[in-house]
Amino acid sequence: FSLTASAQEINWMSFTEAVEANKKEPRKFIIDVYTDWCGWCKRMDASTFSNAVIVDYINKNYYAVKMDGEYKKDIVFNDRTYKFVPRGRRGYHELPAELMGGKMSYPTIVYLDEDYGIIQSIPGYRSAKDLEPIIKFFGENAYKEMKWEDFQKQHQSALN
């Protein structure tokens, strides 16, 4: 057992666990919508989501949720039951579909505010260098005060 190893991992939780935690200590949500068959999702887990700077920032500022876009069980949220919808050989789950605005693309990272409002849904693979300014833009509420382009110009990366 090593403390440093556990510190290098994002504290992923289920959506339901994150909602419960948010009742006690409100935080933004970062939701990684993935599927088991998605190669870019696996690559993000192996590289981006294992980067120490990314792990540290997400663990301190967000509830991190891993959400399977093809999850088979019901999720109850805001008095509504979200279900799996069979479609073709696969299908999709209604909750990630709603969070992604119906654009089923994997991986997609959805950012929610403390009141479960969608800040933004951003599809596609992101390297640690690409993700770092995004998580800070939302995590520090800069998105409420300035344009993304302006934030990027002043952003100081903690990555080498």
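I take helices (H or I, at least four residues) and strands (E, at least two) as DSSP runs, numbered from the N terminus. On that basis I placed Gln-8 in the loop between helix H1 (3-7) and strand S1 (12-13).

**Ground rules.** I am working with a predicted model, in which local features need pLDDT of at least 70 and side-chain atom pairs count only at pLDDT 80 or more, while totals for chains, interfaces and linings use all residues. Residues are numbered from 1 along each chain as its sequence is written, and side-chain values use heavy atoms, with hydrogens and water left out.

**Whole chain.** I counted seven helices and nine strands in the chain. The C-alpha trace spans about 45 × 40 × 30 Å along its principal axes. I then looked up the radius of gyration, which is taken over C-alpha atoms and compared with a globule rule of 2.2 Å times the number of residues to the power 0.38. The chain has 16 Å, which agrees with the value near 15 Å for a compact globule of 160 residues. For burial I used relative accessible area with a 1.4 Å probe and protein chains only, where buried means under 20%, exposed over 50% and partly exposed in between. Of the 160 residues, 42% count as buried. For contacts I required heavy atoms within 4.5 Å. Among contacts with a separation of 6 or more, residues 24 or more positions apart account for 60%.

**Gln-8.** Returning to this loop residue, I found Gln-8 partly exposed, because its relative accessible area is 35%. Leaving aside neighbours within four places in sequence, Gln-8 is in contact with Ser-50, Ala-52 and Val-55. I also noted that Gln-8 and Phe-49 are 41 residues apart in sequence and 9.2 Å apart in space, C-alpha to C-alpha.

**Thr-35.** Is Thr-35, in its loop, buried or exposed? Thr-35 lies between strand S2 (28-34) and helix H3 (39-46), and it counts as buried because its relative accessibility is 2%. Not counting residues up to four places away in sequence, Thr-35 touches Cys-41, Asp-68, Glu-70 and Tyr-106. The C-alpha atoms of Thr-35 and Phe-84, 49 residues apart along the chain, are separated by 13 Å.

**Backbone checks.** I kept in mind that most residues other than glycine have a negative phi, and that most peptide bonds are trans. The peptide bond from Tyr-106 to Pro-107 is cis, with omega near -5 degrees, and Pro-107 sits in the loop between helix H5 (94-99) and strand S8 (108-112). Tyr-106 is also one of the residues that Thr-35 touches. Next I looked at the loop between strand S4 (75-77) and strand S5 (80-82), where Asn-78 is found; Asp-79 lies in the loop between S4 and S5 as well. Phi of Asn-78 is near 50 degrees, a positive value in a residue other than glycine, and Asp-79, not a glycine either, has a positive phi of about 60 degrees. Asn-78 is exposed, with a relative accessible area of 55%, and Asp-79 counts as exposed at 82% relative accessibility.

**H4 against H6.** Two packed helices are described by the angle between their axes and the distance between the axes. I use axes that are lines fitted to C-alpha atoms, for helices over the stretch in contact, with angles running from 0 to 180 degrees between N-to-C directions. Helix H4 (residues 52-61) and helix H6 (residues 128-139) pack at about 20 degrees, with their axes 10 Å apart. H4 and H6 are therefore roughly parallel to each other, the class for angles under 35 degrees (over 145 is roughly antiparallel, 65 to 115 roughly perpendicular and the rest oblique). Which residues of H4 and H6 meet? From H4 they are Val-53, Ile-54, Tyr-57 and Ile-58, and from H6 they are Ala-128, Leu-131, Glu-132, Ile-135, Lys-136 and Gly-139. By class, this contact has seven nonpolar, one polar and two charged residues, where Ala, Val, Leu, Ile, Met, Phe, Trp, Tyr, Cys and Pro count as nonpolar, Asp, Glu, Lys and Arg as charged, and the others, Gly among them, as polar.

**Ile-134 and Lys-147.** Ile-134 is found in helix H6 and counts as buried at 8% relative accessibility. Not counting residues up to four places away in sequence, Ile-134 touches Tyr-62, Tyr-111, Ile-122, Arg-126 and Trp-148. Lys-147 is in the loop between H6 and helix H7 (148-154), and at 58% relative accessibility Lys-147 counts as exposed.
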